[in-house]
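Welcome, and please have your viewer ready. We will go from one selection to the next and look at what each one holds.

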Amino acid sequence: MVNKTSSHKQNSARVASKRGLRSRGNSTKQPSSPRSPGLREQLEQVAHGLFHVSEADYPYRFFSLPSESEKDLSAQGFLIRLGVSQQFTDEFNVPTDKLVSEMALEDFFPTIDVLADYYGSGKSDPKVVSVWKRYQKLEALLKKHLRGVRVIRVGSVEVRSYIAGLDKDGNIAGLLTTCIET
């Protein structure tokens, strides 16, 4: 009588051998090369634990949208990518300039002075300096991996702020947070 398990293992080893693969039991298996983290993983890792400083503190979350051209990074183009049509803005009589605005990335993240006020301490406080350096690292990462990066703000009072640019595949990607402005 043939042992089916033994026969199956032998067949698997033969197939693996023909394909140039090593069997699992082989101790000479080469270590796999570490996978470099993608844009999402990098942004989430650096942004983890950071919050947008406003009347309420919201975290940063990764987002991605398909894009057809760089025009999609304009205020109007971005609204269309989000699914807000001209018909919507016309029907509800919401002027586009009241619904969406843009700002430079350099003006978005808190300065060391803002962080010192937020934590109720001085600019030389190790916690303030540490958090400020993390924001600088996040800004540098965004600039490194996204083309045309800017902040697109949608709404009023509860403003969705999209730190957006074009990724290596031409899609819109970046981080999203909420700002409360009363």
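Contact, here and below, means heavy atoms within 4.5 Å. Helices (H or I, at least four residues) and strands (E, at least two) are DSSP runs, numbered from the N terminus. What you have open is a predicted model, in which local features need pLDDT of at least 70 and side-chain atom pairs count only at pLDDT 80 or more, while totals for chains, interfaces and linings use all residues. Residues are numbered from 1 along each chain as its sequence is written, and side-chain values use heavy atoms, with hydrogens and water left out.

**The whole chain**

Start with everything shown as a cartoon. You should find 7 helices and 7 strands, in the order α-α-β-β-β-α-α-α-β-α-α-β-β-β along the sequence. Of the 182 residues in the protein, 32% are buried (under 20% relative accessible area with a 1.4 Å probe, protein chains only; exposed is over 50%, partly exposed in between).

**Helix H3**

Now select residues 75-82, helix H3, and show the side chains of its buried residues, Ala75, Gly77, Phe78 and Leu79. These buried residues pack against strands E3 (61-65), E4 (100-103), E5 (147-154), E6 (158-166) and E7 (172-180), and also against helix H5 (96-99). Step past the end of H3 to Gly83, which has a positive phi near 100°.

**Strand E7 and its partners**

Next, select E7. All 9 of its 9 residues are buried, so E7 is largely enclosed by the rest of the structure. Strands pair if DSSP finds at least two bridges between them. E3 pairs with E7 in the antiparallel sense over 5 bridges; to see one, pick Arg61 and its bridge partner Leu176 in E7. E6 also runs antiparallel to E7, joined by 9 bridges, and here Val159 stands opposite Cys179. Follow the hairpin of E6 and E7 through the 5 residues between the strands, and stop at Gly170, whose phi is positive, near 90°.

**Helices H6 and H7**

Last, select H6 (residues 112-119) and H7 (residues 126-145). How are their axes arranged? They pack at an angle of about 135°, with the axes 9 Å apart. That makes H6 oblique to H7. Axes are lines fitted to C-alpha atoms, for helices over the stretch in contact, and angles run from 0 to 180 degrees between N-to-C directions; under 35 degrees counts as roughly parallel, over 145 as roughly antiparallel, 65 to 115 as roughly perpendicular and the rest as oblique. Show Ile112, Leu115, Ala116 and Tyr119 of H6 with Lys127, Val128, Val129, Val131, Trp132 and Tyr135 of H7, the residues that make the contact.
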